[in-house]
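The following explanation proceeds from the overall fold to its local details. Please keep the sequence and the coordinates in view while reading.

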Amino acid sequence: MALLWGVFCIARICLAISSLDWYNKDSKNSKRGEDMEYSMIDSHAHYDDEQFEKDRDKLLTILPEVGIGLVVNVGASMESCKSTIALTKKYPHVYGALGVHPGSVEELNEDRFVWLSQAVRQEKIVAVGEIGLDYYYDEPDRQLQKDWFARQISLAADVGLPMIIHSREAAQDTYDIMRSLGCEDVGGVIHCFSYGVEMARKFLDMGFYLGLGGVVTFKNARTVKEVAAYAPMDRIVLETDCPYLSPVPYRGKRNSSLNLPYVAEAIAQIRDMDVEEVCRVTSENVRALYRLDS
Ligand SMILES: [Zn+2]
């Protein structure tokens, strides 16, 4: 049953992609989402990325038709924060998060932080992020990353928005800073969760959601598959992190929200669940995480 629905869903997406030209010619006759029984939410995407330069509008326009009812576009630099705001204004089904990624904190200064502090208060901005620590590369300086991580956590607390955490090869420092600043009172998601079950338990104990994406479909991703099996179903959200991290069978190619069913299908298989149920529950989780119904 789960497999059948997955095939159906993917087939519908293929059909939708092949009708992009038809959309251009005759968008008036399109039936937008009328027969959608299940709808998925992409909790983390970067449609401001230049890889979407040629077809951004076509892609974003078609998403509700193929069952991706809502997308949260996540800022990672000052420029992408501005683009994110523009996307939320242009598309009813696009919401935004604003923050500066640990890899880009060198561009932050007091004036820009003031701008960010005001910008997150806008309508349709549902989170502060992505913020965090990334020790994969030696730069930027780790202390600088920690300082701006802490400042942006405090901003999330001040404005009462959940936070989107990016943490790579920095589990303990991420956890320690979050604990010391009382992140359990603010809440949010550890996006593209890449640590093991032990760390998962610690972040879950703080009340955080775990974002799972294309990596869960990789054959060799044993750790992430273990976490997908371990985490309570009501604490998992689906994400693409597009244009990055395409799931199998598109690994290595540009990713988009159209590939989200592959992630849902992988989680359904790991947990021995119906894929419809995975979509339904994870969509509810995203709504709760970003407080979309309140
Ligand atoms: Zn991201």
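In which sense do strands E1 and E2 pair, and over how many bridges? E1 and strand E2, residues 68-74, pair in the parallel sense over 4 bridges. Within this pairing, Asp42 stands opposite Val71 in E2. The model discussed here is a predicted one, and its chain has 294 residues, of which 45% are buried. The secondary structure comprises 11 helices and 8 strands.

The pairing of E1 with E2 belongs to an open sheet of 8 strands in the order E1-E2-E3-E4-E5-E6-E7-E8, with parallel pairing. Strand E1 (40-45) and strand E8 (236-238) stand at the edges; each has a single partner strand, so one side of each lacks a neighbour in the sheet. On average, and with direction ignored, neighbouring strands of this sheet are turned by 30 degrees against each other. As a general matter, the strands of a sheet pair through backbone hydrogen bonds, in either a parallel or an antiparallel manner.

From E2 the sheet continues to E3. These two strands also pair in the parallel sense, over 4 bridges. Val71 has Val94 as its bridge partner in E3, while Asp42 is the residue opposite Val71 in the pairing with E1. Strand E3 covers residues 94-98, and 5 of its 5 residues are buried, so the strand is largely enclosed by the rest of the structure. In a regular strand, side chains alternate between the two faces of the sheet. In E3 both faces are covered: Val94, Gly96 and Leu98 are buried on one side, and Tyr95 and Ala97 are buried on the other.

Farther along the sheet, helix H6 (residues 142-159) lies across strand E4 (125-134) and strand E5 (163-168). The helix runs at about 160 degrees to E4. Strand E4 also contains Glu130, and the peptide bond from Gly129 to Glu130 is cis, with omega near 10 degrees.

Which residues have the most contacts inside the largest nonpolar core? They are Leu210, Leu212, Ala264 and Ile267, in a core of 81 residues. Helix H10 (residues 260-271) supplies the largest share of this core, namely 7 residues. In soluble globular proteins, nonpolar side chains tend to be buried together. When residues up to four places away in sequence are left out, Leu212 touches Phe193, Val224, Ala228, Ile236, Leu238, Glu239, Val263 and Ile267. Across the chain as a whole, 74% of the contacts with a separation of 6 or more join residues 24 or more positions apart.

Helix H10 has packing partners in H9 and H11. Helix H9 (residues 222-230) packs against H10 at an angle of about 70 degrees, and their axes are 9 Å apart. Because angles of 65 to 115 degrees count as roughly perpendicular, H9 and H10 are placed in that class. Their crossing is right-handed. At this contact, Lys225, Ala228 and Ala229 in H9 meet Ile267, Ile270 and Arg271 in H10. Ala228 and Ile267 are also among the residues that Leu212 touches.

Helix H11 (residues 275-289) packs against H10 at an angle of about 110 degrees, with the axes 8 Å apart. This pair is therefore likewise roughly perpendicular, and H10 passes H11 in a right-handed crossing. Here Ala264, Glu265, Ile267 and Ala268 in H10 meet Val275, Val278 and Cys279 in H11. Ile267 takes part in the contact with H9 as well.

The loops on either side of H10 hold several local backbone features. Pro243 is placed in the loop between E8 and H10, and the peptide bond that leads to it from Cys242 is cis, with omega near 15 degrees. Leu245 has its place in the loop between E8 and H10, with a positive phi near 55 degrees in a residue other than glycine. Asp272 is in the loop between H10 and H11, and its phi is also positive, near 55 degrees.

Are Leu245 and Asp272 buried or exposed? Leu245 has 21 C-beta neighbours inside 10 Å and therefore counts as buried. Asp272 has 8 other C-beta atoms within 10 Å and is exposed.

Conventions
Residues are numbered from 1 along each chain as its sequence is written. This is a predicted model: local features need pLDDT of at least 70, side-chain atom pairs count only at pLDDT 80 or more; totals for chains, interfaces and linings use all residues. Two strands pair if DSSP finds at least two bridges between them. Axes are lines fitted to C-alpha atoms, for helices over the stretch in contact, and angles run from 0 to 180 degrees between N-to-C directions. Two residues are in contact if their C-beta atoms, placed from the backbone, lie within 7 Å. A nonpolar core is a set of buried Ala, Val, Leu, Ile, Met, Phe, Trp, Tyr and Cys residues joined through C-beta atoms within 7 Å. A residue is buried if 20 or more other C-beta atoms lie within 10 Å of its own, exposed if 12 or fewer, and partly exposed in between; C-beta atoms are placed from the backbone. Angles under 35 degrees count as roughly parallel, over 145 as roughly antiparallel, 65 to 115 as roughly perpendicular and the rest as oblique. A crossing is left-handed if the near helix is turned anticlockwise from the far one by less than a right angle, and right-handed if clockwise.
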